[in-house]
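Please work through the exercises below with the sequence and the model open side by side, and try each task before reading its solution.

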Amino acid sequence: MNTNKKALFAQTMDQHKGIVYKIVNSYCQNQDDRQDLAQEILTTMWLAYDNYNKDYKFSTWMYRIALNVAISYYRKDSKREDKANANEQCIVHIADFSAQDDKSEDVKQLYEFIGKLDKLNKAIMLLYLEDEPHQSIAKSLGISKTNVATRIGRIKETLKNQFEKQGA
């Protein structure tokens, strides 16, 4: 195995590890599942690393792989969500907030609400919050650009309603 390739991969993953945190924390309810999913994402990225097309942003490629792995992870075992320990705090920190304590409560609340969305809508919002264009989101998730725009509008309305209920 090429040592330079391994070092470059490790360095690149370290630079973009926030993407893995976001996906894993959004899709997993407990620590064991988060670790398993992170391992699966990194393994898949390693296997696909030689095929990365440098014409595209690395973060877009990484999001695409991580989201596909996360969605497949739960498709394989539809009962996986039931294995979550009800006593364990449902962490839906889209990012590793341990290093970002300056996040406002509203932002944390937003990410908690996003974490409660279904898998496809969650993926759409994660990409939307990364300023990915609708066309890119559509391509990454295999849906139409119109579907992305429609879903984003509906998700925003849902999130707005959740904030209003929270404030009531």
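The exercises that follow concern a predicted model, and they go from the overall fold to individual aromatic rings.

**Exercise 1.** Determine how many helices and strands the protein has, and what share of its residues count as buried.

Solution. Going along the chain from the N terminus, the elements read α-α-α-α-α-α-α-α, which gives eight helices and zero strands. Of the 168 residues, 39% count as buried. Turning to contacts between residues at least 6 apart in sequence, 66% of these join residues at least 24 apart.

**Exercise 2.** Classify the geometry of the ring pair formed by Phe9 and Trp46, and locate both residues in the chain.

Solution. The structure holds seven aromatic pairs, and in this one the ring centres are 4.9 Å apart with the planes at 70°, so the pair is edge-to-face, given that the cut-off for this class is over 60 degrees. Phe9 belongs to helix 1 (residues 3-15) and Trp46 to helix 3 (residues 31-48), so that the pair links parts of the chain 37 residues apart. Phe9 has a relative accessibility of 10% and therefore counts as buried, the limit being under 20%.

**Exercise 3.** Describe what else surrounds the ring of Trp46.

Solution. Ring pairs join Trp46 with Phe9 and Tyr49 in a cluster. In addition, the charged end of Lys5 sits over the Trp46 ring, 4.6 Å from its centre.

**Exercise 4.** Which class of pair do Tyr52 and Phe58 form, and are they buried or exposed?

Solution. With 5.1 Å from centre to centre and 75° between the planes, Tyr52 and Phe58 form an edge-to-face pair, and both residues are buried.

Notes. Residues are numbered from 1 along each chain as its sequence is written. This is a predicted model: local features need pLDDT of at least 70, side-chain atom pairs count only at pLDDT 80 or more; totals for chains, interfaces and linings use all residues. Side-chain values use heavy atoms; hydrogens and water are left out. Rings of Phe, Tyr and Trp (its six-membered ring) pair if their centres lie within 6.5 Å; planes under 30 degrees apart count as stacked, over 60 as edge-to-face and the rest as tilted. Helices (H or I, at least four residues) and strands (E, at least two) are DSSP runs, numbered from the N terminus. Buried means under 20% relative accessible area, exposed over 50%, partly exposed in between (1.4 Å probe, protein chains only). A charge sits over a ring if NZ of Lys or CZ of Arg is within 6 Å of the ring centre and within 35 degrees of the ring normal. Contact means heavy atoms within 4.5 Å.
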